[in-house]
Amino acid sequence: MTATISRRLLLAGAALAPFTARAQQAYPERDIGYIIPYTPGGMSDNISRILADRVAARTGRKLLNEYKTGAGGAIGANYYMTMKPDGYTILQSTNSFYGVIPQVTKVQYDPKTDLTPLVLVGDAPMVIACNPKLPVTTLPELIAMAKASPGKIAYGTSGRGTIGHLCGVWLSKRAAIDILHIPYNGAGEALQACLSGETQVFFGPEAAEHILAGKLKGLGVMGDKRWTSTLPDVPTTVEAGIAGWAPRSWHTVSIHSKAPEAIKQQLAMLLNEVLGQTDVRERLVSFGLIPGIETIAGMRKRADDDEAEFAPLLQEAGLAIKK
């Protein structure tokens, strides 16, 4: 694993020497604005705090957090596009900003031409969890219960059109069930609703620590790969009999595509160095992420792939807007 990470760091253009030791690196010459489009206390906020601490330690420059929340991240994205594209404002983001948000709401940017994902902070396995009082222990049992009681099982998310919401839509469509979607003000509130029994089901990586603590039951992991490092005993949706593509989530840091190319490369290099540190990776794992290193080109491919993959689901669910 260590050798693999080292090779990927090199592919990403991140040399092993400290960023601050390179005399040719003038960026950043001042503090950097950091737009956080989700509520404080969530995963994006946790990521931003880690990156802010490490960037300041390596460069002497601050990442100045500014929260612009709402509409599943669209408000923050639209606000970010009003910033000067000089490379001194960045956006904490997820694949929703590329594959989902522009397809479900009118935004002030084109995900292919206006926004560039710089780094892979980590993949966020979408776990299907339920309240312990729900009398099921497997995903097929949940599906059977939902079929017997249409509209009676509820799941909470951070909002309409979010990855969590789309996981519920996907499961409803693929398993031919009717489960009730309840949007909350952030994933934290949605998770607490499931823990308290206000809702019965939750989709997201944040459930992992509560599954391990016995406060929730893990029913499945979306897709065809188990989360072997954290929930090795929780089967995938493919193992549960639902084949094919499933919604995924990953976190990145984005920048305006019109920012200077040199700054994009230097910022990606700096962030990849930070993200490659062992203790940073350990903290990301504790948040429910699978850390990774990727090139800018690799991130663009991820973004384009997700836009294409999510489109049919959004159309099928009636969530896609007419353009």
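Let's start with strand 1 (residues 32-36) and strand 2, which pair in the parallel sense over five bridges. If you want one pair to click on, take I36: its bridge partner in strand 2 is Y67. Keep in mind throughout that this is a predicted model.

Now zoom out a little. These two strands belong to an open sheet of six strands, ordered 2-1-3-10-4-11, and the pairing in it is mixed. Its edges are strand 2 (63-67) and strand 11 (290-291), each of which pairs on one side only. Helix 10 (residues 261-275) packs on this sheet, where it touches strand 3 (89-94), strand 4 and strand 10 (250-256). The direction of helix 10 makes about 5° with that of strand 4.

Strand 4 itself (residues 115-123) deserves a stop, and the residue to pick is G122, which lies in it. How far is G122 from G292, counting between C-alpha atoms? The two are 170 residues apart along the chain, yet their C-alpha atoms are separated by 5.2 Å. G292 is also one of the residues that G122 touches, and the others, leaving out anything up to four places away in sequence, are W250, H251, L289, I290 and P291. Is G122 buried or exposed? With a relative accessible area of 0%, it falls under the 20% cut-off, so it counts as buried.

H251 leads us on to another residue, since it turns up among the contacts of S44 as well. S44 lies in helix 2 (residues 43-59). Setting aside neighbours within four places in sequence, S44 is in contact with Y38, Q92, T94 and H251. S44 has a relative accessible area of 4%, so this residue is buried too.

Time to move to the other sheet. This open sheet has five strands in the order 7-6-8-5-9, again with mixed pairing. Which strands stand at its edges? They are strand 7 and strand 9 (217-221); each has a single partner strand, so one side of each is left without a neighbour in the sheet. Ignoring direction, neighbouring strands here are turned by 30° against each other on average.

You can see both senses of pairing if you follow the edges inward. At one end, strand 6 (residues 154-157) and strand 7 (residues 180-183) run parallel and are joined by four bridges, with Y155 standing opposite H181 in strand 7. At the other, strand 5 (residues 127-130) and strand 9 run antiparallel, also joined by four bridges, and here I128 stands opposite G220.

So what links strand 6 to strand 7? Helix 7 (residues 163-175) does, and the three elements make a right-handed β-α-β unit. Helix 7 lies across strand 6, strand 7 and strand 8 (201-203), and runs at about 150° to strand 6.

Helix 7 has a helical partner as well. Its axis and that of helix 12 (residues 296-317) come within 10 Å and cross at roughly 70°, which means that helix 7 is roughly perpendicular to helix 12. On the helix 7 side of the contact sit I163, L166, V169, W170, K173 and R174, and they meet F310, L313, L314, E316 and A317 in helix 12. Sorted by class, this contact has eight nonpolar residues, no polar ones and three charged ones.

Definitions and conventions
Residues are numbered from 1 along each chain as its sequence is written. This is a predicted model: local features need pLDDT of at least 70, side-chain atom pairs count only at pLDDT 80 or more; totals for chains, interfaces and linings use all residues. Side-chain values use heavy atoms; hydrogens and water are left out. Buried means under 20% relative accessible area, exposed over 50%, partly exposed in between (1.4 Å probe, protein chains only). Contact means heavy atoms within 4.5 Å. Two strands pair if DSSP finds at least two bridges between them. A crossover is right-handed if, with the strands pointing away from the viewer, the path from the first strand over the helix to the second runs clockwise. Axes are lines fitted to C-alpha atoms, for helices over the stretch in contact, and angles run from 0 to 180 degrees between N-to-C directions. Angles under 35 degrees count as roughly parallel, over 145 as roughly antiparallel, 65 to 115 as roughly perpendicular and the rest as oblique. Ala, Val, Leu, Ile, Met, Phe, Trp, Tyr, Cys and Pro count as nonpolar, Asp, Glu, Lys and Arg as charged, and the others, Gly among them, as polar.
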